[in-house]
Amino acid sequence: FFFFFFFFFFFFFFFFFFFFFFFFFFFFFFFFSLRKDTRDRSLLPPPHQPIPFFFFLLFPFHCVDTLQYPFDNSKMSSEQTPRQLTFWLRDEVKDLERRTPLLPAQIKSLTERGHKVVVERSKGRCVPDSEYEKVGVQMVESGSWVNAPVDNIILGLKELPENSDPLHHTHVYFAHCYKYQGGWKELLKRFENGKGHLLDLEFLVDDNGRRVAAFGRSAGFIGMAAGLKTWVHQQNDPHAPMTPLNYYEDSDALVADLKKDLDSVLQSKGKSPKVLIIGALGRCGKGAVDFALRAGVANESIVQWDLEETKVGGPFPQILNHDVFVNCIYLNKPIPPFFTRQMLDSPNRTLSVVVDVSCDTSNPHNPIPIYNQGTTFAQPTIRVVESSSSVPLDVIAIDHLPSLVPLESSLEFSELLLSHLGECQQSPVWHRASTLFHSKMEEAKSPTQNATA
């Protein structure tokens with residue numbers, strides 16, 4: 001009896017509420033539709049027409065279905081289009097940086113989709129200004145982005161001019177300020193002061209956390225090339241500093257040059273290098289392995305480590321038993337060092353070249369704590385151990401290695417970036433980058449942030 005009573009009561013209450021709710025909205029909308037005022041009634045039936053009751057049964061589901069996540073275009077109708085954007089391609093200020101995130105072909109694609117692109121003139125970019133002029137873009141003077149309309153998106157690759165000027169625009173570039181690098185708080189303060197916005201290219205990731213556009217493969221490829229070239233130089237003249245690295249037209253020319261150098265050392269001294277790559281299964285590591293193979297390094301002389309080989313944590317004395325060590329890991333958390341400065345004093349060390357592709361020079365968790373400054377193409381190496389008493393040790397820490405083959409690496413990167421640029425600030429990829437920016441801004445303002453970093 002109790003169960004029957006409870007069921008009857010629940011059944012009666014549910015239907016009473018259901019009919020009361022929908023009859024209330026029926027009369028409300030019917031009355032509203034009869035009013036002859038200036039309101040927008042585009043969502044209602046024409047006045048003086050009866051409203052079908054089933055409309056109210058479907059209306060809530062219709063509303064739910066048409067609610068859109070702010071950055072999700074998956075349910076955008078054919079009548080809706082992403083808003084039109086203006087990109088301002090700035091000239092790079094970093095010495096010897098010749099890459100660009102946008103080539104003329106990509107700019108043409110963007111303009112055909114209704115977007116606008118403004119290009120600063122550049123004397124160092126791998127593509128001459130005349131090629132950009134051919135696609136009809138507006139050309140402006142180098143550095144004029146500071147006076148661009150505030151709604152323009154400033155696009156670049158490497159760092160901005162170092163000063164304390166407030167940043168008012170949305171900037172898209174590799175800022176290197178989210179992993180506690182030197183000056184990270186000062187840079188974010190510039191964005192705070194100017195009410196600007198940073199969308200860091202390093203942190204544009206898909207739903208699986210994988211970067212959507214990166215120079216990783218090119219960085220590993222050219223990092224290995226720089227390491228082998230330095231090893232060759234050491235075999236020929238161990239006391240002299242490494243000579244400058246010059247640009248190459250493409251990767252084939254770079255491979256041919258190194259292959260010739262390695263063959264020369266093999267014939268004259270009977271030596272060939274043994275190399276170790278940590279992070280070998282990632283894009284960067286695969287690029288390093290690819291170059292070593294193409295340059296003629298024997299497969300058995302290419303040692304590949306990844307998470308499985310390094311899960312026990314460093315230091316790893318085995319690294320010292322190789323001639324060239326290339327670090328290709330992506331550092332996103334503190335880890336033990338791969339080796340220490342004291343370990344380099346071992347009399348059994350054969351390691352003579354370290355290439356830190358990751359280049360976390362100012363990161364407090366740098367796993368290669370034997371140097372504290374970056375290098376350049378003009379001065380590619382830092383000598384950590386002199387050759388007078390033992391095997392020399394040179395470190396390469398160039399943070400824009402792909403620029404050694406600028407056109408080829410720019411093409412690879414710009415093709416990956418292009419499909420996302422048209423949705424800048426409108427898709428989950430950019431939404432995640434924006435959320436991270438605001439999170440880091442708050443962290444930078446916290447007096448207790450990163451106390452142990």
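This passage looks at two helices and several aromatic contacts in a predicted model. Local features were taken only where pLDDT is at least 70 and side-chain atom pairs only at pLDDT 80 or more, while totals for chains, interfaces and linings use all residues. Residues are numbered from 1 along each chain as its sequence is written, and side-chain values use heavy atoms, with hydrogens and water left out.

Helices and strands here are DSSP runs (H or I, at least four residues, for helices; E, at least two, for strands), numbered from the N terminus. Take helix α8, residues 283–294, to begin with. The expected span of a helix is 1.5 Å times one less than its number of residues, so the 12 residues of α8 should cover 16 Å, and the end C-alpha atoms, at 17 Å apart, agree with that. Its buried residues are C284, G285, G287, A288, V289, F291 and A292, where buried means under 20% relative accessible area, exposed over 50% and partly exposed in between (1.4 Å probe, protein chains only). Their cover includes α6, α7 (251–269), β7 (275–278), β8 (302–305) and β9, with contact meaning heavy atoms within 4.5 Å. Just past α8, G296 has a positive phi of about 100 degrees.

Helix α11 (residues 428–445) gets the same check: its 18 residues should span 26 Å, and its end C-alpha atoms are indeed 26 Å apart. V429, W430, A433, S434, F437, K440, M441, E443 and A444 are its buried residues, and they pack against β5 (170–173), α5 (184–194), β6 (197–200) and α10 (406–421).

Now for the rings. Rings of Phe, Tyr and Trp (its six-membered ring) pair if their centres lie within 6.5 Å; planes under 30 degrees apart are stacked, over 60 edge-to-face, and the rest tilted. The whole structure holds 12 aromatic pairs. One of them, Y178 with F203, is tilted, at 5.1 Å centre to centre and 45 degrees between planes. Y178 sits in the loop between β5 and α5 and F203 in the loop between β6 and α6 (216–236), so this pair links parts 25 residues apart in sequence. Both Y178 and F203 are buried.

F325 and F338 make an edge-to-face pair, because their centres are 6.2 Å apart and their planes at 80 degrees. F325 belongs to strand β9 (residues 324–327) and F338 to the loop between β9 and β10 (353–356), so parts 13 residues apart in sequence are tied together. F325 is buried at 0% relative accessibility, and F338 is buried at 4%. Together with W305, F316 and F339, they form one aromatic cluster.
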